[in-house]
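Here is a walk through one protein model, sheet by sheet and helix by helix. Keep the viewer open as you read.

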Amino acid sequence: MLTDRQKRYHYLKTKYDYLLKNPLSLTMTRGLPDKDQLNLSTSLLTNITPEDYETEDHKDIRNYGELTGILEAKHFFSAMLGVTTDEVFVGGNSSLSLLHMVLTSLLYSKNGPSLKDKGPLTFLCPSPGYDRHFAMTEKLGITMIPVPMTDVGPDMDIVEELVATDASIKGIWCVPTYSNPTGVTYSDETVDRLAQLETLADDFIILWDNAYVAHHLTEDHTIAKNILASCKAAGYPNRPWMVCSTSKITFPGAGVAALASSEENIAFFSHEMFYQTIGFDKINQKRHVKFLIDQEHLAQHMANHAKLLKPKFDLITRKFRAYFSDRKMVDWTEPKGGYFVHLTTMTGCATDIVSHLSDIGVKVVKANSTYPYGINPLDNSIRLAPTSIPLEEVEQAIDAICLTIEFCCLRRQLEGAIDDTATPSSQLGKH
């Protein structure tokens, strides 16, 4: 006679087999705005007139020059990041590109600080974290050490111990506000502890990617403390390199990115950029400032984004709560901002779940890609990016994901791959 667990498994298999024969076509791999979000910024494409060709300090935006950005853009981003105009550099459309330029400048410059000349090079990588940060680091030949994420940021006890005993550790990656993918915002204590780190390496840096600083989903706005101000107070003004962009505020393919750091660091970086470009797209900088105007107008614009996005995240929360209320096979995040939901599956199940999802036409990012080198010994990390598809497709995808999670977990329990005598909740992988 079949057990209740076996009966449930066969019921799920019937539903899953139906989807195998009638696959969906849904993609939740990258955090992209949907068309309705892009439409919020349509007027940006036509808002420049001849009266706008001259900046407030009488520079022509159609010509060469203004390597560090037009003054209006510096005003806007300095307010956004909480720095002075002398501490900000306004670039092209990609903050990730600015971070790459920072790292390559620090690695190879002959005109200033150089990380590479001082022996082995290692970065700390709070995990789960942003896969593109880790891919960049690996491409540059920098060794990565994962550090567990907590609900207030990276585990600072581990960070403090590592940097105090290993001179090769020269930096740490941080997404401080609505972290990718967990949605965590660093606590004030975490920010201060990062700023005050006593490191064996005297050239330790903090790569501070504030990609979601304005991307709130609720009225409870949680924003990480200003790392540059904290580092100045701690006596390490050159430690942080901060970035943000308008990529998911306006158009990802045609936004504006900004870098902020100490005046000394910005001067060094500007000197390095002198050899790469005479200036970035000043017309795009001008039209963005004209469109977004100031922080008050930015907040209203982002509230319009939230009206479009929040129903998708609310739907995911409702679905997971309803489906797994009596089946503790997965933990999920309920973010207050950002673009992602992170799933912590039962140990050893994430890769299997993602593979089975792919077979029924639901594409998510590769399991455990939120860890350095894609290696997560617990095999329990899945990132969902629901923003780019319509609400009805989000619902279809989450229904299929819930089914697949339970199907895969039950199958592995019945096969003995997971301890069949333990409760499901005890098998959930912990970071």
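Which residue in strand 11 is the bridge partner of Asp331? Thr344 is the bridge partner of Asp331 in strand 11.

## Ground rules

This is a predicted model, where local features need pLDDT of at least 70, side-chain atom pairs count only at pLDDT 80 or more, and totals for chains, interfaces and linings use all residues. Residues are numbered from 1 along each chain as its sequence is written, and side-chain values use heavy atoms, with hydrogens and water left out.

Helices (H or I, at least four residues) and strands (E, at least two) are DSSP runs, numbered from the N terminus. Two strands count as paired if DSSP finds at least two bridges between them.

## The three-stranded sheet

Strands 10, 11 and 13 make up an open sheet in the order 10-11-13, with antiparallel pairing. At the edges sit strand 10 (330-332) and strand 13 (381-384), each paired on one side only. From one strand to the next, the twist averages 20 degrees. Angles here run from 0 to 180 degrees between N-to-C directions, and axes are lines fitted to C-alpha atoms, for helices over the stretch in contact.

Three bridges hold strand 10 to strand 11 (residues 341-345), and four bridges link strand 11 to strand 13. In that second pair, Leu343 stands opposite Ile382 of strand 13. Look along strand 13 and you'll see Ser381 and Arg383 pointing one way, with Ile382 and Leu384 pointing the other, and all are buried. Buried means under 20% relative accessible area, with exposed being over 50% and partly exposed in between (1.4 Å probe, protein chains only).

## Helix 12 and its glycine

Helix 12 (residues 350-359) lies across strand 11 and strand 13, at about 40 degrees to strand 13. Its buried residues are Ala350, Asp352, Ile353, Val354, His356 and Leu357. Those buried residues pack against helix 1 (4-21), strand 11, strand 12 (362-364), strand 13 and helix 13.

After helix 12 comes Gly361, whose phi is positive, near 85 degrees. Gly361 lies in the loop between helix 12 and strand 12. Is Gly361 buried or exposed? With a relative accessible area of 12%, Gly361 is buried. Leaving aside residues up to four places away in sequence, Gly361 touches Pro23, Leu24, Ser25 and Leu26, where contact means heavy atoms within 4.5 Å. Gly361 and Ile375 are 14 residues apart in sequence and 25 Å apart in space, C-alpha to C-alpha.

## Helix 11 meets helix 13

The axes of helix 11 and helix 13 come within 10 Å and cross at roughly 30 degrees. The two helices are therefore roughly parallel to each other. For angles, under 35 degrees counts as roughly parallel, over 145 as roughly antiparallel, 65 to 115 as roughly perpendicular and the rest as oblique.

On the helix 11 side, the residues that meet helix 13 include Pro311, Leu315, Phe320 and Tyr323. Their counterparts in helix 13 include Leu391, Ile398, Ile401 and Ile405.

## Two nonpolar cores

A nonpolar core is a set of buried Ala, Val, Leu, Ile, Met, Phe, Trp, Tyr and Cys residues joined through side-chain atoms within 4.5 Å. The largest one has 50 residues, and those with the most contacts inside it are Phe320, Leu343, Leu384, Ile398, Ile401 and Ile405. Helix 13 (residues 391-415) gives the largest share of this core, 12 residues. A second, separate core of 47 residues includes Phe76, Met149, Leu197 and Ala260.

Leu384 is a good residue to click on. Not counting residues up to four places away in sequence, the contacts of Leu384 include Met28, Phe320, Leu343, Ile398 and Ile401.

## The eight-stranded sheet

Eight strands build an open sheet in the order 2-9-8-7-6-3-4-5, with mixed pairing. Strand 2 (88-90) and strand 5 (153-154) are the edge strands, each pairing on one side only. Four bridges join strand 7 (residues 205-209) to strand 8 (residues 240-245), and this pair runs parallel. Within strand 8, Met242 is the bridge partner of Trp208.

Helix 3 (residues 71-81) packs on this sheet and touches strand 2, strand 8 and strand 9 (257-260). Helix 8 (residues 227-234) packs there as well, touching strand 7 and strand 8, and its direction makes about 170 degrees with that of strand 8.
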